[in-house]
Amino acid sequence: MLTRRTLAAALIAAIAMPSLAAAQATTPSAATIERKLEAAPRVKLRPNERVTIREFKRRPDLRRMARSIDIQSINFAFGSAAIANSQYDKIETIADALRRILRRDRGARVLIEGHTDAVGSFQSNQALSEQRAASLKRTLVREFGVPGHALETVGYGEEFLLVRTQTENWQNRRVTLRRFDDFIR
C-alpha cells in the first residue's frame, strides 16, 4: 500500500534525481533488444543436457546463462497487471525486435519473466508478476502480431530483486526477456 511517506519520497527522488525518473521511461531500442537476444550463447548445452521448459523456469543457473535483456520501462499501475494504451509504443518496440528475430529464426523462443518489488506479501507479488508477464504476452500477440507459440511466461515476484530492499524500487518492477531455445529439448 502506498503511504504518504512513500509517495513523498518518490516525488523527491524524481525531482532530485531526474535521471532515475527518466530511466524508468526509457525502452531499449529494437536493435538493442535484437542484439542482446541474438548474441552468441554464453554456453552451449549438449543435447543430453537440455531440459524441459518447466525445468528451465525453475533453474536460475540455466536462466543466467541464457541471452537476456531487462525491460524496466513498462509502467503498470500499482498492484495492477493491466497495460495502458500509453505503453503501446514501448511494447511495439519489443514486438518489432521479436518479429525480426522470428523471421530469421522460426525456432527462437523467448521467456517473458515478470518481477515485482518487495512491497506487499510474497504471495500477492508472485501472482502479480505472473499476471504482468501474461498481460505482456497477450498484448504482444493480440495487438502486435508476435506469434504466441514463440513466447512463454513466468512470474518470479520479489524472488530476484535487482536492488535488495524491502521498500518500493522501480528497478525491481520489470520484465526480463530471455531467449531459451538453446536450452530446451
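## A tour from the ring pairs to the sheet

Start by selecting phenylalanine 56 and phenylalanine 183: both are buried, a label that means under 20% relative accessible area, with exposed at over 50% and partly exposed in between, using a 1.4 Å probe and protein chains only. What you have open is a predicted model, where local features need pLDDT of at least 70 and side-chain atom pairs count only at pLDDT 80 or more, while totals for chains, interfaces and linings use all residues. Residues are numbered from 1 along each chain as its sequence is written, and side-chain values use heavy atoms, with hydrogens and water left out.

**Zoom out for a moment**

Colour by secondary structure and you'll find seven helices and four strands. These are DSSP runs numbered from the N terminus, helices being H or I of at least four residues and strands E of at least two. Along the sequence the pattern goes α-α-α-α-α-β-α-β-α-β-β. Of the 185 residues, 41% count as buried. Contact here means heavy atoms within 4.5 Å; among contacts between residues at least 6 apart in sequence, 82% join residues at least 24 apart.

**The rings**

Now show the aromatic side chains. How many aromatic pairs does the structure hold? There are four. Back at your starting selection, the ring centres of phenylalanine 56 and phenylalanine 183 sit 5.4 Å apart with their planes at 40°, so this pair is tilted. Phenylalanine 56 belongs to helix H4 (residues 53-58) and phenylalanine 183 to the segment after E4, so the pair ties together parts 127 residues apart in sequence.

Next, pick tyrosine 88 and phenylalanine 144, an edge-to-face pair at 5.6 Å centre to centre and 70° between the planes. Tyrosine 88 is in helix H6 (residues 88-104) and phenylalanine 144 in helix H7 (residues 122-144), so this pair ties together parts 56 residues apart in sequence. Phenylalanine 144 counts as buried because its relative accessibility is 14%.

The cut-offs behind these labels: rings of Phe, Tyr and Trp (its six-membered ring) pair if their centres lie within 6.5 Å, with planes under 30 degrees apart counted as stacked, over 60 as edge-to-face and the rest as tilted. Before moving on, add Phe180 to the first pair: ring pairs link Phe56, Phe180 and Phe183 into a cluster.

**Where H6 meets H7**

Keep H6 and H7 on screen. Their axes come within 10 Å and cross at roughly 75°. Axes are lines fitted to C-alpha atoms, for helices over the stretch in contact, and angles run from 0 to 180 degrees between N-to-C directions. H6 and H7 are therefore roughly perpendicular, the class for 65 to 115 degrees (under 35 is roughly parallel, over 145 roughly antiparallel, the rest oblique). To see who touches whom, select Tyr88, Ile91, Glu92, Ile94, Ala95, Leu98 and Arg99 in H6; they meet Leu136, Thr139, Leu140, Glu143 and Phe144 in H7.

**The sheet**

Show the strands. You're looking at an open sheet of four, ordered E1-E4-E2-E3, with mixed pairing. The edge strands are E1 and strand E3 (151-155), each pairing on one side only. From one strand to the next, the twist averages 20°. Two strands pair if DSSP finds at least two bridges between them.

Helix H3 (residues 30-38) packs on this sheet, touching E1, strand E2 (110-115) and E4, and its direction makes about 145° with that of E1. H7 lies across E2, E3 and E4, at about 160° to E3.

Now E1 (residues 67-71): four of its five residues are buried. E1 runs antiparallel to E4 (residues 174-179), joined by five bridges. Along that seam, aspartate 70 has threonine 176 as its bridge partner, and isoleucine 71 stands opposite valine 175.

**Two residues to finish on**

Click isoleucine 112, in strand E2. It is buried, with a relative accessible area of 0%. Isoleucine 112 and threonine 176 are 64 residues apart in sequence, yet 5.9 Å apart in space, C-alpha to C-alpha. Leaving aside neighbours within four places in sequence, its contacts include Leu136, Leu140, Val154 and Leu177.

Last stop: arginine 174, in strand E4. Buried or exposed? Arginine 174 counts as buried, at 6% relative accessibility. Follow its side chain to the backbone oxygen of phenylalanine 160, 2.8 Å away. Beyond its neighbours within four places in sequence, arginine 174 is in contact with several residues, among them Asp70, Glu113, His115 and Leu162.

Note on methods:
Polar contact = N/O pair within 3.5 Å; in protein donor to acceptor, adjacent residues only side chain to side chain.
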